[in-house]
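Please open the structure in your viewer and keep the selection tool at hand. The stops below are best followed in order.

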Amino acid sequence: MELKKFKSTLSNLSYALLAQSISLILSLIMSLIVPKLLNVEEYGYFQLFIFYSTYVGLFHFGMTDGIYLKYGGMRYQDLNKSLLGSQLWLMVLFQSVISLFIFLYAVNHVEDTKRIFVVFSLIVYIVVANITWFFGFIFQAVNHTKWYSISVIISKASYIFFIISLIFLKESNYKIYIVLFIVAQGLAGLYCIFLGRDIAFAKLVSFKESLTAFFSNVKVGINLLFANVASMMILGSGRIVVDYAWGVSAFGKFSFAISLSGFFLQFINQLSMVLFPALRRADEGELKDFYKISRTALFIFLPFIYLVYTPIESILSLWLPQYKESLIYMALLLPICTFDSKMNLLCITYFKVLRKEKVLLFVNILTMIISFLLSIISAFFIKNIYAVVISMVIAIAFRSIISEIYLAKIMQEKIASSIIQDLLLSLAFLYSTLQFDHFKGFTVFLVMYVIFVLFNWKKISALFGKSPDFEA
């Protein structure tokens, strides 16, 4: 690996990790402090906005995903900036029109005024966020992930500042938290526009040429877009069902558990962002070597997260007693961290590198359907919210396993034993946590994890004797 390229990758990774660290701090504040300031219902509406804000990327129609895939590995100076700038403003035009129709529909058909405010906030956020993400996808594609990471840092750090200010003011109105969330994203957007000003303010090409390029990128990126939306809906479908069946307060508690379980996944998502442009330039042998080493590392060390549950649960039950039920959800949801981490870091990254977006789309849609059907059965026939949680875990585990099997065949690796061990260790965690008291449950699982490590000692020894080497 060339020294310059290595330094570039290291710089990108360091900024990505810094962005992730700040995101983690923000997530902790939003999960542990905000619920303390807002009552359960107000926190439910706040979570409703946060939940639906994750889907606003649907309104770039896959165009930015297409840019990400088509230009992945290129240099920034080689981009056709006039063509990209024209597509940016065409996207803004389309989104503004769609936002207007959504607002008119909400005003005439939604009776809950608090939900109308959430909808209005979302249509503003659609435009603000998608402009930011448009540049973010470009920066990531050309290996300027440092720029994108800094925009994330600006967004998250400014919102941390806003929330700390609201804490001192003892502000308990959820609307203020939502407005400042949008403002923080807007600051990141302005930073991206400044960095990409030669794109944003480039001379526009003709409308016909821009529209042709727009739909060309949509055609390339639509599979990845729908795959991403379907991926989010695997957990999202359960949350929608909970909101419909048990109301916004139950939705808030349910979302609180999911946000706690998702802390670790944020780090994995940030890491995969850095890996994509680097792996895109790797040859077949390097891809296989990195896959083997990474999968072994994840297989060995991801289950360690189960050991963290008991001390965290003990602390949170004292800090937020009104969300004690959420901590039970969190125990049931924790296996998602292990299965989804491997899915996000390895399977999804490699599917993008190998241009297997259609496979990813098929797997995600199939899993989304399974999750949605199981959630409906759990909510309206079994009528048990815990069954909804278990349904989501089953769906996530299913997606991870079939994706790993497919990718392992491409990489010519055998993973049946590790999949079985993953499942057994997850079941052991659930059994020990739900069946015994805190100390005994922790001790029982600790013994099981030690046995697991000893059983795989040869793999651990081999792992530390290797290191991946691919050009960045």
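Begin by selecting L225, which counts as buried in this predicted model, its relative accessibility being 4%. The residue belongs to helix 10, which covers residues 207-246. Leaving aside residues up to four places away in sequence, L225 touches G57, L58, H60, F61, G62 and D65. To relate this stop to a later one, add V393 to the selection: its C-alpha lies 23 Å from that of L225, and 168 residues separate the two in sequence.

Select next helix 4 (residues 63-71) together with helix 5 (residues 81-109). Their axes are 11 Å apart and form an angle of about 160°. Because angles over 145 degrees count as roughly antiparallel, helix 4 is roughly antiparallel to helix 5. The two cross in a left-handed manner. Show the side chains where they meet: M63, T64, I67 and Y71 come from helix 4, and L84, Q87 and M91 from helix 5. Five of these contact residues are nonpolar and two are polar, with no charged residue in the contact of helix 4 with helix 5.

Move now to A157, located in helix 7 (residues 145-169). Is A157 buried or partly exposed? A relative accessible area of 33% makes A157 partly exposed. With Y449 also selected, the distance from C-alpha to C-alpha is 37 Å, for a sequence separation of 292 residues.

Helix 11, residues 248-261, is the next selection. From first to last C-alpha, its 14 residues reach 20 Å, close to the 20 Å expected at 1.5 Å a residue. Of these 14 residues, 11 are buried, so helix 11 is largely enclosed by the rest of the structure. Colour the buried ones to see them: V248, A250, F251, G252, F254, S255, F256, A257, I258, L260 and S261.

Continue with helix 16 and helix 18, which pack at about 35° with 9 Å between their axes. Helix 16 passes helix 18 in a left-handed crossing. Contact residues of helix 16 include F339, M343 and F351, while those of helix 18 include V393, R399 and Y406. The contact of helix 16 with helix 18 has 15 nonpolar, three polar and four charged residues.

Keep helix 18 (residues 385-411) selected and replace its partner with helix 17 (residues 357-382). Which way does helix 17 run relative to helix 18? Their axes come within 8 Å and cross at roughly 160°, and helix 17 and helix 18 are therefore roughly antiparallel to each other. Here the crossing is right-handed. Among the residues making the contact are V363, L366, I370 and L374 of helix 17, with I394, F398, R399 and Y406 of helix 18. By class, the contact of helix 17 with helix 18 holds 15 nonpolar, seven polar and one charged residues.

The last stop is helix 19, residues 416-435. Its 20 residues should span 28 Å at 1.5 Å a residue, which agrees with the 28 Å between its end C-alpha atoms. The buried residues of helix 19 are S418, I419, Q421, D422, L425, S426, A428, F429, L430, S432 and T433. To see what surrounds these buried residues, display helix 13 (284-301), helix 14 (306-319), helix 15 (324-333), helix 16 (335-353), helix 18 and helix 20 (438-455), against which they pack.

Key. Residues are numbered from 1 along each chain as its sequence is written. This is a predicted model: local features need pLDDT of at least 70, side-chain atom pairs count only at pLDDT 80 or more; totals for chains, interfaces and linings use all residues. Side-chain values use heavy atoms; hydrogens and water are left out. Axes are lines fitted to C-alpha atoms, for helices over the stretch in contact, and angles run from 0 to 180 degrees between N-to-C directions. Helices (H or I, at least four residues) and strands (E, at least two) are DSSP runs, numbered from the N terminus. Angles under 35 degrees count as roughly parallel, over 145 as roughly antiparallel, 65 to 115 as roughly perpendicular and the rest as oblique. A crossing is left-handed if the near helix is turned anticlockwise from the far one by less than a right angle, and right-handed if clockwise. Contact means heavy atoms within 4.5 Å. Ala, Val, Leu, Ile, Met, Phe, Trp, Tyr, Cys and Pro count as nonpolar, Asp, Glu, Lys and Arg as charged, and the others, Gly among them, as polar. The expected span of a helix is 1.5 Å times one less than its number of residues. Buried means under 20% relative accessible area, exposed over 50%, partly exposed in between (1.4 Å probe, protein chains only).
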